[in-house]
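Thank you all for coming. I would like to walk you through one model this morning, beginning with a single residue and working outwards, so please have a look at it first.

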Amino acid sequence: MRGAQAERNMASVDFTGGLMDAVTAQKYKHRLVLERQALLAQMDAQHGGRIGRVEVASESLDKSEDDNAQIQTGRDVAFAINEHETAALNAIAASLQRIKEGVYGLCLTCGTHIPIPRLDAAPHTQRCVACQTRFEQQTA
Ligand SMILES: [Zn+2]
């Protein structure tokens with residue numbers, strides 16, 4: 001039964017036409033996983049680095065009530081940096097999900113095929129150039 005179901009799903013995917021083959025999708029999946037690992041490592045390093053520097057800075061000050069404010073500011077900076085990276089992580093997670101669903105490489109907004117060179121340059125790209133430009137203008 002499950003096999004028949006899977007076959008029907010495959011057929012419907014084929015019907016939408018020209019979707020990325022599994023081998024190619026797998027290649028991007030691998031790159032996305034690596035990208036995510038690198039990003040997480042980078043966030044760890046930055047986070048540790050920032051907090052470390054704040055701690056060093058506060059140690060050189062006289063112990064006072066200012067210490068708490070100082071540390072809080074440092075954390076805010078760390079969070080602000082992470083926010084940018086969190087957005088990238090979300091894009092990677094969304095792309096991995098789209099590979100799983102068999103719709104990777106299609107523009108999230110208009111459904112057109114995202115050019116392969118664009119995916120090669122940034123595997124977590126979720127929109128075609130036109131839609132991405134519009135999206136960035138809206139959010140800017
Ligand atoms: Zn589009």
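Ala 25 touches Met 20, Ile 99 and Tyr 104, leaving aside residues up to four places away in sequence, where touching, or being in contact, means that the C-beta atoms of two residues, placed from the backbone, lie within 7 Å. Please keep in mind that this is a predicted model, in which local features need a pLDDT of at least 70 and side-chain atom pairs count only at pLDDT 80 or more, whereas totals for chains, interfaces and linings use all residues. Residues are numbered from 1 along each chain as its sequence is written.

Ala 25 sits in helix α2, which covers residues 22–60; helices here are DSSP runs of H or I with at least four residues, strands are runs of E with at least two, and both are numbered from the N terminus. Is Ala 25 buried or exposed? It counts as partly exposed, because it has 18 C-beta neighbours inside 10 Å, while a buried residue has 20 or more other C-beta atoms within 10 Å of its own and an exposed one 12 or fewer. Ala 25 also lies 9.2 Å from Lys 100, C-alpha to C-alpha, although 75 residues separate the two in sequence.

Met 20, for its part, touches Ala 25, Tyr 104 and Gly 105, again not counting residues up to four places away in sequence. Both Met 20 and Tyr 104 belong to the largest nonpolar core, which has 9 residues in all, including Leu 32, Ile 92 and Cys 128; such a core is a set of buried Ala, Val, Leu, Ile, Met, Phe, Trp, Tyr and Cys residues joined through C-beta atoms within 7 Å.

Turning to the whole chain, there are 5 helices and 0 strands, and buried residues make up 10% of its 140 residues.

Finally, a word on confidence: the average pLDDT, the predictor's confidence in each residue from 0 to 100, is 77 for the protein chain. The mean is lowest in helix α1, at 44, and highest in helix α4, at 94.
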